[in-house]
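Q: Could you walk me through this model, one feature at a time?

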There are 2 protein chains.
Amino acid sequence: MLGAVFKMKFKVKLSKINTGKPSLIINPKDCEKVGLHPKDVAYIIASGSKKTCATVIVSDNIEEGYIELTEHVKRALKISELPEFVEVLPAGPSASLPLIKAKLYGKKLTRHEIKTIVKEIVERRLGDAEISMLCAALMVNGMDLEEVRNLSLSIAELGEIIEWPFGPIYDVHSIGGVPGNKTALLTVPIVASFGVKIPKTSSRAITSPAGTADVMETLAPVALKPEEIVEIVTKVNAVLAWGGSLNLAPADDIIIEVERVLSVDPEPILLASIMSKKIAMGINKLLIDMPTGTEAKIEKIEDAETLATRFIELGKLLEIQTKVAITYGGQPIGRNVGPALEAYEALETLMKGKGSGSLVHKATSLAGIILEEAGIAPHGQGKAFAMEALKSGKAYEKMKEIISAQGGDPNIKPEDLPIGDYREIFTSQTSGYVTYISNRAIASIARVAGAPADKGAGVRLYVKAGENVKPGDPLFEIYAESEEKLSEALIVARRNWPIRVEGMLLKTLG
Amino acid sequence: MLGAVFKMKFKVKLSKINTGKPSLIINPKDCEKVGLHPKDVAYIIASGSKKTCATVIVSDNIEEGYIELTEHVKRALKISELPEFVEVLPAGPSASLPLIKAKLYGKKLTRHEIKTIVKEIVERRLGDAEISMLCAALMVNGMDLEEVRNLSLSIAELGEIIEWPFGPIYDVHSIGGVPGNKTALLTVPIVASFGVKIPKTSSRAITSPAGTADVMETLAPVALKPEEIVEIVTKVNAVLAWGGSLNLAPADDIIIEVERVLSVDPEPILLASIMSKKIAMGINKLLIDMPTGTEAKIEKIEDAETLATRFIELGKLLEIQTKVAITYGGQPIGRNVGPALEAYEALETLMKGKGSGSLVHKATSLAGIILEEAGIAPHGQGKAFAMEALKSGKAYEKMKEIISAQGGDPNIKPEDLPIGDYREIFTSQTSGYVTYISNRAIASIARVAGAPADKGAGVRLYVKAGENVKPGDPLFEIYAESEEKLSEALIVARRNWPIRVEGMLLKTLG
């Protein structure tokens with residue numbers, strides 16, 4: 001029961017507004033002619049194969065016959081310059097909406113049905129409401145492994161796929177959630193120094209103070225093209241790149257935006273989100289790091305085990321041999337949190353061949369698993385091999401090659417990194433033991449201090465859980481790039497105190 | 001783990017763009033200062049109690065220190081002029097999102113919890129994603145009667161409520177879905193002519209060719225203020241007004257927008273949507289018309305009975321005495337479809353005291369139920385009383401009073417109504433019986449011809465189901481206000497033929 005629907009041609013301008021999604025701005029008269037209303041979804045057809053949906057905004061400021069398109073339309077069309085003309089067509093009924101409703105009522109979806117849904121997500125045909133209903137359907141009914149496999153494949157196939165002239169291709173992936181986790185900056189050069197091919201892509205921070213891509217970016221450019229990644233890995237075995245510039249699994253990025261609004265992460269999407277990117281990157285052997293502990297993404301070891309089993313079984317169906325390392329995530333990894341501060345710690349550890357116990361122990365353990373898997377280290381000796389590569393400087397030399405291949409300065413020193421000039425140290429007022437360091441409080445302080453946008457902002461820990469402190473001993477230091485942000489961070493630190501120091505006697509009862 | 005959050009004051013301008021929802025347009029630097037991103041939700045605080053949320057759009061065209069607000073912000077703030085300054089504050093976590101998730105997992109919601117959700121809907125704190133998840137939760141788990149009662153009350157209480165200095169107050173409400181249903185234009189004056197107080201509010205068409213408000217608007221103004229409604233009903237017992245201008249149950253309008261995108265209508269919302277408006281209108285005795293039949297909203301009589309039982313029980317909890325009339329909805333009501341065409345038919349029927357069988361029979365049956373309920377007609381004689389009022393011209397006199405009280409011309413004649421000048425008659429090519437008239441096809445033709453925006457557009461039926469036709473007999477006529485829309489409607493009519501004519505012998509087998 002819709003009114004008449006017309007396809008019309010418009011002259012295109014780039015809009016100056018940013019709505020955070022593909023939008024088109026149109027004159028009210030043209031809008032009515034095409035049969036659209038504000039907030040409707042319409043197809044923008046640039047040429048035969050180049051089309052995307054956009055949300056309608058109406059404005060008297062637009063001339064008739066013209067249409068303004070936002071930057072996000074350009075991105076969705078995957079073009080660097082907007083064409084002179086586009087056709088606009090009301091979107092009509094969604095093919096995937098009935099499938100999403102069927103899933104909500106418990107139906108198992110076929111591969112073709114899943115692909116239909118993912119295609120409409122990538123085309124931006126589905127808005128927040130439809131994607132939210134998909135999340136709800138998956139929260140209520142989940143997906144069996146076959147469905148998750150098809151979801152992973154569909155998400156991968158509708159984006160860029162990297163092909164390798166050699167193999168096997170390794171990857172190490174952390175599911176995240178613990179601040180200070182710069183581990184990949186050690187693990188990757190260690191295993192690459194033994195000849196393992198490891199094209200590591202990672203994300204920028206979304207809700208954390210620093211993603212691996214943010215940290216690496218302070219050492220070298222990370223926004224690489226697919227062909228550059230293949231070239232660099234061919235030359236130096238490894239890369240530490242930002243996944244976001246590769247257009248891998250674009251559906252995933254769109255779903256994640258809605259998940260953030262809803263603060264949900266249904267397991268099928270969590271699994272497919274990671275595995276689709278591994279398919280797109282052509283990974284054959286995958287090691288997943290699953291930090292587990294208080295205030296980590298996963299708090300209980302049993303939950304980690306259940307999820308690990310799902311990853312391993314899914315890996316089998318996708319022909320990606322998958323191992324999972326459940327690691328301790330109850331406090332920050334290493335001592336520095338924030339992009340430049342984490343790069344500082346990683347680089348210093350690589351140069352000296354030693355560093356914070358939790359960082360070195362975790363990085364060499366993960367590297368050891370890969371070295372054994374690759375048949376480079378005998379069973380049970382992987383960690384020792386990794387430690388030797390770190391201590392001998394072999395891993396540092398490899399890191400210099402990686403930095404150089406990505407276009408950075410291989411001779412960069414930790415002190416060259418832009419650490420924030422506005423600082424404040426907090427000291428202990430009592431003596432006792434550090435019984436607890438809050439992941440959430442540390443992350444929150446670092447974020448308010450400016451991380452990850454301000455590369456030099458963050459937190460440095462002078463103590464870790466279990467250590468003994470006396471009154472006046474430094475506990476942690478906040479770094480910021482402006483006076484204003486430092487003082488905001490101080491307020492958050494005082495309100496949300498991150499470190500607990502207690503005597504050995506915690507409580508007397510009775 | 002959010003960054004710093006600031007409240008900032010901005011000088012206000014009215015935006016020229018229409019996004020179909022409350023939006024704010026802000027300079028990128030200011031946006032960052034407040035801690036916002038495009039697509040985020042922020043509170044706009046106009047004064048202590050006047051606040052609403054709006055979606056963030058970023059534009060270089062806005063000066064720093066200024067903010068542009070869309071027309072929908074003004075509406076949400078319920079103010080006629082935007083203030084000179086407003087404060088802007090990132091929305092922070094939603095209080096109702098955890099409750100919506102709990103409902104998705106089957107939790108029963110308390111009255112307070114339901115009110116929290118409805119409050120955030122009215123404040124526009126919840127976007128499409130959150131409201132969609134609420135719909136999904138209600139589709140999967142439903143609500144028990146106590147929850148629906150609390151939902152109805154919460155929706156009503158967060159909008160305008162009308163109070164009456166007298167009672168009881170009656171209402172007749174059709175759940176809709178059948179084209180040509182101008183019945184209220186007869187039922188209301190009939191019962192009002194006996195002294196029944198009946199302040200009938202109705203909606204404009206959303207997906208149909210004409211809502212009762214669209215039809216009545218061709219006879220008199222329908223956008224009345226609450227105090228005007230009380231005044232008119234005091235004087236003439238009845239009103240036929242548009243509910244949309246009254247700010248009754250504003251949450252409902254917002255939810256309905258998302259339901260349209262998803263093409264869903266979960267039962268708890270269907271029930272609460274109707275009952276909340278009855279609470280807001282101060283209705284004591286309600287008659288619900290439930291058209292049932294092929295291509296009506298409800299197709300099976302058993303489904304109608306189940307829903308009717310829910311309405312009746314809910315009515316008890318809300319102290320609104322509710323009766324339900326299940327009526328035949330398998331073809332259009334009367335012969336005219338479209339705003340002016342329906343007003344024409346209703347007015348002519350009132351003036352002549354007779355008209356299309358289905359219209360007269362339905363209107364007098366519904367009126368009869370109310371007259372018996374009100375103790376005006378003895379049991380079993382309501383319909384006869386109603387018919388007498390129609391035939392005698394008593395109902396027409398009352399309709400003239402209503403039109404006049406609403407500010408229309410009481411002496412308006414059917415031929416004064418602006419029926420579209422572009423017309424086309426379709427005739428039968430065979431002889432036989434009309435076995436089927438498609439509600440959907442008729443509605444679709446009328447919409448494409450321009451209804452409801454073009455008041456004179458629509459369809460006139462020359463036959464109804466069961467009638468005998470010969471070749472060359474007229475079947476239906478399309479009316480439009482422009483050549484272009486008429487020809488579009490012709491295409492739809494040919495592709496989507498609305499009337500089936502068959503011989504008595506339908507099929508020979510074997």
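Q: Thanks! Which rotation and what shift along its axis superpose chain A on chain B?

A: The general idea is that two copies of a chain are related by a rotation about an axis and a shift along it. Here the rotation is 180° with 0.0 Å of shift, and chain A superposes on chain B with an RMSD of 0.1 Å; the fit is by least squares on the C-alpha atoms of residues with pLDDT of at least 70 in both copies. The two copies are thus related as by a two-fold rotation axis. In chain A, the C-alpha nearest that axis belongs to A129(A), at 2.3 Å. One caution about the source: this is a predicted model, in which local features need pLDDT of at least 70 and side-chain atom pairs count only at pLDDT 80 or more, while totals for chains, interfaces and linings use all residues. Residues are numbered from 1 along each chain as its sequence is written, and chains are lettered from A and ligands numbered from 1 in the order in which they are written.

Q: How many residues does the contact take from each chain?

A: Two residues are in contact if their C-beta atoms, placed from the backbone, lie within 7 Å. By that rule the contact takes 44 residues from chain A and 44 residues from chain B. The same surface serves both copies, since 100% of the contact residues of chain A recur in chain B.

Q: Which element gives the largest share of the side of chain A that touches chain B?

A: Elements are DSSP runs numbered from the N terminus: helices are H or I with at least four residues, strands are E with at least two. The largest share, 9 residues, comes from α5(A). Elements giving two or more residues include α5 (128-141), α10 (250-262) and α18 (483-495) of chain A. By class, this side has 21 nonpolar, 13 polar and 10 charged residues. In that count Ala, Val, Leu, Ile, Met, Phe, Trp, Tyr, Cys and Pro are nonpolar, Asp, Glu, Lys and Arg are charged, and the others, Gly among them, are polar.

Q: Which strand of chain B is joined to β2(A)?

A: Strands pair if DSSP finds at least two bridges between them. Here 2 bridges join β2(A) to β5 (residues 51-59) of chain B, and the two run antiparallel. I17(A) stands opposite S59(B) in β5(B).

Q: What is the strand order in the open sheet of 3 strands in chain B?

A: The order is β8-β11-β12, with parallel pairing. β8 (170-174) and β12 (321-328) of chain B each have a single partner strand, so one side of each is left without a neighbour in the sheet. From one strand to the next the twist averages 20°. Helix α12 (residues 301-317) of chain B packs on the sheet, touching β11 and β12 of chain B, and its direction makes about 165° with that of β12(B). Such axes are lines fitted to C-alpha atoms, for helices over the stretch in contact, with angles from 0 to 180 degrees between N-to-C directions. β8(B) and β11(B) pair over 5 bridges, and D171(B) has L286(B) as its bridge partner.

Q: Which strands of chain B pair with β1(B), and in what sense?

A: β1 (residues 8-14) of chain B pairs with β7 (residues 85-90) of chain B in the antiparallel sense over 4 bridges. With β6 (residues 66-69) of chain B, β1(B) pairs in the parallel sense, also over 4 bridges. Among the opposed residues, K9(B) has E87(B) as its partner, and K13(B) stands opposite E68(B).
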